[in-house]
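Hello,

Here is the structure I promised to pass on to you. My notes on what turned up in it follow below.

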Amino acid sequence: MSGAPGGQDDDAPDLEAGRLLFAQACSFVRGAVDMDGLPPGGLPEVAFAGRSNVGKSSLVNALTGRKTLARTSNTPGRTKELNFFLLGAEGRPAIMLADLPGYGYARETRSRVEQWTDLVMAYLRGRATLRRVLLLIDARHGLKDNDREVMALLDEAAVSYQIVLTKTDKLKAGELEKCLADVGAGIRAHVAAHPRIVATSSETGAGIAELRAEIASLAATDALGYKSRTS
């Protein structure tokens, strides 16, 4: 399910463009623990952010159809670096994906939280090719205080971000509709928030095609090899 809370948008991105993009090669570029380690910019970039236990690695793997592309762990907060992937035709990638370290894990020290904030904020402010942050929210819990803190940081950095609900298979239909409505109301006052929410499940595949389409709409069109219906 995708759209303004509770429905499908008439101007939703092209599903076929998303399918074709994610049928291409996706390869790991590098991990970075500081700004000096970032790969060169140039391609449009989309970043994934979320709480440490939100299911971010599982979603990245579901999107790409590769079970081990992003590492999953039984210990939330294991990822400590910015991980970058190229997606697109061999030798002609269309977009770069960035997997940001998770936040909000209860066992993190204050210094670790500050380190995460400093690194990610430096990346957000300094990455000219960053087109959008996909902010993952566990549908079972909705927006938490640290999600709102990150949203405020993204507003401050003037970085466009879009809410992606995860683990929607854990909810009944009525519960999902309520979550969509509540989260939609919660982002309304945030100037950098994209109005369309994408509800996904890595287990059932719900919303994966829609999210692929959202990402494809941000890719380098000349490298997609496909003319969108909206072009």
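The largest cavity is lined by Ala49, Leu100, Trp116, Val120, Met121, Leu124, Val133, Val150, Leu153 and Leu154. Please keep in mind while reading that this is a predicted model. The space inside this cavity comes to about 50 Å³. Helix H3 is the main contributor to the lining, giving 4 residues, and both H3 and H4 supply at least two residues each. By class, the lining of the largest cavity has 10 nonpolar residues, with no polar and no charged ones.

In total the structure holds 2 cavities of 30 Å³ or more. The second largest encloses about 30 Å³, and its lining is made of Leu20, Leu21, Gln24, Gly88, Ala89, Ala223 and Leu224. Two or more of these lining residues come from each of helix H1 (15-22), strand S4 (82-89) and helix H7 (221-224). Here the lining divides into 5 nonpolar, 2 polar and no charged residues.

Next, the nonpolar cores. As background, nonpolar side chains tend to be buried together in soluble globular proteins. The largest nonpolar core in this model has 40 residues, and those touching the most other members are Leu82, Tyr123, Leu124, Val133, Leu135 and Leu165. Helix H3 (residues 110-126) gives the most to this core, with 6 residues. Another core lies apart from it and has 28 residues, including Ala17, Phe48, Ala220 and Ala223. Ala223 also belongs to the lining of the second largest cavity.

Leu124 is a good residue to click on if you want to see how these pieces meet. What does leucine 124 contact, leaving aside its neighbours within four places in sequence? The partners are Leu130, Val133, Leu154, Ala157 and Val159. Leu124, Val133 and Leu154 also appear in the lining of the largest cavity, while Leu124 and Val133 are among the core residues with the most contacts to other members.

For the overall picture, the protein has 7 helices and 8 strands. Of its 231 residues, 51% are buried. Among contacts with a separation of 6 or more, 76% are between residues 24 or more positions apart.

One such pairing across the sequence involves threonine 129, in the loop between H3 and S6. Threonine 129 and leucine 43 are 86 residues apart along the chain, yet their C-alpha atoms are separated by 6.5 Å. Beyond its neighbours within four places in sequence, threonine 129 is in contact with Gly41, Gly42, Leu43, Pro44 and Glu45.

Aspartate 138 deserves a look too. This residue sits in strand S6 (residues 130-138). Is aspartate 138 buried or exposed? Its relative accessibility is 8%, and the limit for a buried residue is under 20%, so aspartate 138 counts as buried. Its side chain makes a polar contact of 2.8 Å with the side chain of arginine 140. Not counting residues up to four places away in sequence, aspartate 138 touches Asn53, Val54, Thr166 and Lys167.

That brings us to lysine 167, which is in the loop between S7 and helix H5 (173-187). Lysine 167 is not a glycine, but it has a positive phi of about 60°. With a relative accessible area of 23%, lysine 167 is partly exposed.

Lysine 170 is found in the loop between S7 and H5 as well. Arg140 and Glu175 are its contacts, not counting residues up to four places away in sequence. Arg140 is also the partner of aspartate 138 in the polar contact described above. From C-alpha to C-alpha, lysine 170 and serine 201 are 8.7 Å apart in space and 31 residues apart in sequence.

Finally, alanine 158 is another residue other than glycine with a positive phi, here near 60°. Alanine 158 is found in the loop between helix H4 (145-157) and strand S7 (161-166). Why does alanine 158 count as exposed? Its relative accessibility is 66%, and exposed means over 50%.

Happy to go through any of this with you.

Best wishes

Key:
Residues numbered from 1 in each chain as written. Predicted model: local features only at pLDDT ≥ 70, side-chain atom pairs only at ≥ 80, totals over all residues. Heavy atoms only, no water. Buried < 20%, exposed > 50% of the residue type's maximum accessible area, 1.4 Å probe, protein only. Polar contact = N/O pair within 3.5 Å; in protein donor to acceptor, adjacent residues only side chain to side chain. Contact = heavy atoms within 4.5 Å. Core = buried A, V, L, I, M, F, W, Y, C linked by side-chain atoms within 4.5 Å. 1 Å grid on protein atoms, 1.4 Å probe; cavity = no way out; pocket = protein on both sides within 12 Å on 5 of 7 lines; lining within 4 Å. Points joined across faces, edges and corners; volume = space filled by probe spheres on them. Nonpolar A, V, L, I, M, F, W, Y, C, P; charged D, E, K, R; others polar.
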